[in-house]
Amino acid sequence: MSMRRRRRPNTQDAELDITSFMNLMIVLVPVLLLSLVFSQVRILNLQLPVLSEAEQAQDDQEPKILELVITPARLALNYPAGMSLKQFELTDKGYDFAALSVYLQDLKLTFQQQGIEKNDIVLLLDPAVDYQTIVSAMDTVRSFKAVVAANLVDAELFPMISLGDAPAANDADAAQPIQATIGKPVGAKP
């Protein structure tokens with residue numbers, strides 16, 4: 001009887017070829033990093049609301065309040081509170097923040113010339129005003145771009161911002177004359 005010898009196959013440790021995987025990573029990592037959107041967090045500081053109108057009437061020593069009323073139809077600047085100073089109607093492109101910024105710069109200069117230290121403003125918002133409009137308004141009233149020594153810097157306007165609800169009476173009064181003239185002939189008295 002002859003016994004057959006079984007030969008064991010000569011097994012060697014297989015080498016792992018990761019060259020193609022490394023090539024994939026070299027291409028994939030930069031592509032993923034370039035397409036990654038880094039989240040930018042901005043913090044908008046707000047102040048607590050100032051005294052209500054009833055408390056203001058009782059205390060005449062309180063400083064006058066600068067208000068910006070934002071409605072879907074316009075921006076209205078009041079100083080002192082409730083007294084209309086300037087209105088900015090909507091343009092074809094939306095709210096006229098550029099004109100508001102120029103007017104606020106002039107107003108800040110006027111305050112400084114009169115010796116009034118004013119750095120606070122109250123934004124009174126209509127419920128229909130969207131978030132982006134609120135942020136744009138806050139950026140506009142906070143500062144403006146100025147050139148100082150050949151550098152573009154942010155010059156301060158009214159950085160202490162408070163938020164509140166816009167009075168409902170302004171829109172109703174503004175819309176009433178428009179509705180009264182609809183359907184009447186041109187030249188007819190309302």
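In the predicted model, strands β4 and β7 pair in the parallel sense, and six bridges connect them. One of the contacts along β7 places aspartate 165 as the bridge partner of leucine 125. Both strands belong to an open sheet of five strands with mixed pairing, arranged in the order β3-β2-β1-β4-β7. Strands β3 and β7 (160-165) form the edges of this sheet, each pairing on one side only. On average, and with direction ignored, neighbouring strands are turned by 20° against each other.

Strand β1 (residues 67-70) has a partner on either side in the strand order. With strand β4 (residues 120-125), β1 pairs in the parallel sense over four bridges, and valine 122 in β4 is the bridge partner of glutamate 67. With strand β2 (residues 74-78), β1 pairs in the antiparallel sense, again over four bridges. Here leucine 68 stands opposite leucine 77 of β2, and a hairpin of three residues joins β1 to β2. In general, the strands of a sheet pair through backbone hydrogen bonds, in either the parallel or the antiparallel sense.

The side chains of β1 point in two directions: Glu67 and Val69 face one way, Leu68 and Ile70 the other, and all are buried. Such an arrangement follows the general rule that side chains in a regular strand alternate between the two faces of the sheet.

Helices α3 and α4 both make contact with strands of the sheet. Helix α3 packs on the sheet and touches β1, β2 and β3, and the direction of α3 makes about 155° with that of β3. Helix α4 (residues 131-142) lies across β1, β4 and β7, running at about 160° to β4. Strand β1 is thus named among the contacts of α3 and also among the strands crossed by α4.

Aromatic contacts were examined next. Four aromatic pairs are counted in the model. In one of them, the ring centres of phenylalanine 88 and tyrosine 103 lie 5.9 Å apart with the planes at 75°; because this angle is over 60 degrees, the pair is edge-to-face. Phenylalanine 88 belongs to strand β3 (residues 84-89) and tyrosine 103 to helix α3 (residues 97-113), so the pair ties together parts that are 15 residues apart in sequence. The two partners differ in accessibility: phenylalanine 88 is buried, with a relative accessible area of 6%, whereas tyrosine 103 is partly exposed, at 24%.

The rings of tyrosine 95 and phenylalanine 97 also have their centres 5.9 Å apart, but their planes meet at 40°, so this pair is tilted. Both tyrosine 95 and phenylalanine 97 are buried. Elsewhere, Tyr79, Phe111 and Phe158 are linked into a cluster by ring pairs. The ring of phenylalanine 158 has a further contact, as the charged end of lysine 108 sits over this ring, 5.0 Å from its centre.

Three salt bridges are counted in the model. The side chains of glutamate 89 and arginine 74 meet in one of them, with an N to O distance of 3.2 Å. This pair links distant parts of the chain, glutamate 89 lying in strand β3 and arginine 74 in strand β2, 15 residues apart. Glutamate 89 is partly exposed, with a relative accessible area of 42%. Arginine 74, at 15%, is buried, because the value falls under 20%.

Another salt bridge joins the side chains of aspartate 120 and lysine 118, at 3.1 Å from N to O. Aspartate 120 is partly exposed, with a relative accessible area of 22%, while lysine 118 counts as buried at 4% relative accessibility.

A further salt bridge is formed by the side chains of aspartate 139 and arginine 142, at 3.5 Å from N to O. These residues are three apart in helix α4, so about one helical turn separates them. Aspartate 139 is partly exposed, with a relative accessible area of 26%.

How values were computed
Residues are numbered from 1 along each chain as its sequence is written. This is a predicted model: local features need pLDDT of at least 70, side-chain atom pairs count only at pLDDT 80 or more; totals for chains, interfaces and linings use all residues. Side-chain values use heavy atoms; hydrogens and water are left out. Buried means under 20% relative accessible area, exposed over 50%, partly exposed in between (1.4 Å probe, protein chains only). Two strands pair if DSSP finds at least two bridges between them. Rings of Phe, Tyr and Trp (its six-membered ring) pair if their centres lie within 6.5 Å; planes under 30 degrees apart count as stacked, over 60 as edge-to-face and the rest as tilted. A charge sits over a ring if NZ of Lys or CZ of Arg is within 6 Å of the ring centre and within 35 degrees of the ring normal. Axes are lines fitted to C-alpha atoms, for helices over the stretch in contact, and angles run from 0 to 180 degrees between N-to-C directions. Contact means heavy atoms within 4.5 Å. A salt bridge is a side-chain nitrogen of Lys or Arg within 4 Å of a carboxyl oxygen of Asp or Glu.
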